[in-house]
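Biologist: I work at the bench and would love a close look at the cysteines here, please. Could you then walk me onward from there to whatever sits around the rest of the fold?

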Amino acid sequence: MPQKLWREPLDAQKTKLPKAEICIITDLCKGCGFCIEFCPKNVLEQSEQLNKKGKHPPEVTDESSCALCGFCTAICPEFAIFVVEKKGENNVGNEEKE
Amino acid sequence: MKEADLMLKHPLAKYLRQERMPHIWCEGCGNGILLNSFLEGLDELKQNLDRIVVVSGIGCIGRAAGYINVDSFHTTHGRAIPFATGVKLANPNLKVVVISGDGDLFAIGGNHFIHAARRNVDIKVICANNFNYGMTGGQYGPTTPLGSWTTTTPYGNIEHPFNLVHLAAASGAVYVARWTTLQVRRLKNSIKKALQKEGFSLVEVISPCPEIFDRYNKLGTAVDVMKWFKLISQVKHGYDPAKAEVAKNKIIVGEFVDIEKPSYGRLLREMTANVQDKLKGEK
């Protein structure tokens with residue numbers, strides 16, 4: 001979220017930013033580090049743990065700042081990470097539609 | 001949630017043969033990104049998977065045909081395009097995609113490539129260009145840049161490389177694009193565009209080869225190579241392909257050619273129909 005808004009958007013009460021759920025299949029990861037390096041929001045970080053292959057998979061530091069751009073999903077050569085939208089309490093706009 | 005269940009929840013899981021995952025490519029290899037972009041393109045186009053055929057030749061990226069859950073051929077070295085031409089002419093309803101490497105398509109298969117482009121056979125070629133023969137240990141090939149080190153050029157390469165986009169454009173391809181593996185979204189859009197076009201299309205994907213080519217040339221890790229791509233690639237749509245050589249300080253990327261031309265298959269079918277009509281008239 002931006003720290004300071006020039007003016008409040010008209011639908012600020014109705015809509016909220018979608019919340020992301022980042023799924024990492026740790027044992028598929030080969031530790032290339034593309035998702036960590038190229039995440040525009042710097043949500044990911046190399047973890048201390050080793051996976052089955054002996055590599056350090058990424059771990060999520062701050063899921064709430066993820067903007068759901070899906071770049072990590074697109075750039076992962078191993079199909080080991082993907083982002084889905086969290087359903088439920090977070091998205092007021094979606095609930096109204098339902 | 002268990003790892004195996006998570007694997008199946010991946011949005012592209014249905015396009016992959018899960019029993020063959022994980023793939024054999026090195027960490028940081030661009031082939032996985034190419035495969036990812038291709039599958040995302042297929043997913044967005046909502047193609048009928050029974051109508052897609054993937055043909056690949058020999059090389060690291062040749063394994064892609066085995067990983068994609070569509071009808072696929074893994075052909076002999078350099079002969080991916082002849083196989084694909086045969087598939088397309090035998091069943092014009094199929095969409096035929098050739099996913100292969102620079103060594104396969106432009107060294108041993110070079111003549112097949114230029115003649116398929118000249119005839120404008122309706123196949124889509126996606127070429128992973130990693131500047132060397134990665135699978136066999138990093139020998140120099142027709143795309144190795146001048147002065148690069150490989151296992152067979154220990155004092156630097158003295159041969160001038162092919163400019164693949166210029167070669168394809170000069171041979172008569174209707175759609176020619178080049179992207180690096182960093183520009184995943186644009187690459188996906190290019191693949192989508194190529195799939196929808198009639199005629200011979202080439203999408204060249206400049207890909208890192210961190211274990212072999214990048215190591216011999218001291219380019220650093222795969223992340224360093226991707227950052228280098230980010231630094232030196234310039235997007236120029238409609239640029240003259242003759243001037244778009246891959247250089248150490250500049251890679252011109254973008255869509256170079258996008259024209260319309262009747263394809264070989266269409267002309268062949270029209271010709272066959274005409275001749276058959278004539279023969280009926282003579283009887």
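Modeller: Happy to! Cys23(A) has a relative accessible area of 6%, so it counts as buried. Please keep in mind that this is a predicted model. Cys23(A) takes part in no disulfide, and the nearest cysteine sulfur, which belongs to Cys72(A), lies 10.0 Å away. Cys66(A) is likewise in no disulfide; for Cys66(A), the nearest cysteine sulfur is again that of Cys72(A), at 6.5 Å. A disulfide needs two cysteine sulfur atoms within 2.5 Å, so a distance of 6.5 Å does not qualify. Cys66(A) is buried because its relative accessibility is 14%, and the cut-off for buried is under 20%. Over all chains, the structure holds zero disulfides.

Now to the nonpolar interior. The largest nonpolar core has 76 residues, and the members that touch the most others are Phe34(A), Ile75(A), Leu35(B), Phe38(B), Leu39(B) and Ile99(B). Helix 2 of chain B, residues 30-45, gives this core its largest share, with seven residues. A second core, separate from that one, has 30 residues, among them Val87(B), Phe113(B), Val165(B) and Leu202(B). Back in the largest core, Ile99(B) is a good residue to click on: leaving aside residues up to four places away in sequence, its contacts include Leu34(B), Phe38(B), Val54(B), Val55(B), Ile61(B), Ile68(B) and Ile126(B). Ser56(B) and Gly57(B) also touch Ile99(B).

Some nonpolar side chains are found on the surface instead. Ile24(B), Ile58(B) and Met135(B) form a nonpolar patch there, with about 270 Å² of accessible area together. Met135(B) sits in the loop of chain B that runs between strand 4 (123-129) and helix 7 (164-171). Its relative accessibility is 44%, so Met135(B) counts as partly exposed.

Finally, a few backbone details. Most residues other than glycine have a negative phi, and most peptide bonds are trans. Met21(B) and Pro22(B), however, are joined by a cis peptide bond, with omega about 0 degrees. Pro22(B) belongs to the loop between helix 1 (3-9) and helix 2 of chain B. Lys46(B), which is not a glycine, has a positive phi near 50 degrees. Lys46(B) lies in the loop between helix 2 and strand 1 (52-56) of chain B, and at 70% relative accessibility it counts as exposed. Lys218(B) has a positive phi too, of about 55 degrees. You will find Lys218(B) in the loop between helix 9 (213-216) and helix 10 (222-232) of chain B; with 74% relative accessibility, Lys218(B) is exposed.

Terms used:
Residues are numbered from 1 along each chain as its sequence is written. Chains are lettered from A and ligands numbered from 1 in the order in which they are written. This is a predicted model: local features need pLDDT of at least 70, side-chain atom pairs count only at pLDDT 80 or more; totals for chains, interfaces and linings use all residues. Side-chain values use heavy atoms; hydrogens and water are left out. Patches are made of residues with over 30% relative accessible area and no salt bridge: like charges are joined within 9 Å, nonpolar side chains (Val, Leu, Ile, Met, Phe, Trp, Tyr) within 5 Å. Accessible areas come from the Shrake-Rupley method with a 1.4 Å probe; for residues, only the protein chains shown count as cover. A salt bridge is a side-chain nitrogen of Lys or Arg within 4 Å of a carboxyl oxygen of Asp or Glu. Helices (H or I, at least four residues) and strands (E, at least two) are DSSP runs, numbered from the N terminus. Buried means under 20% relative accessible area, exposed over 50%, partly exposed in between (1.4 Å probe, protein chains only). A nonpolar core is a set of buried Ala, Val, Leu, Ile, Met, Phe, Trp, Tyr and Cys residues joined through side-chain atoms within 4.5 Å. Contact means heavy atoms within 4.5 Å.
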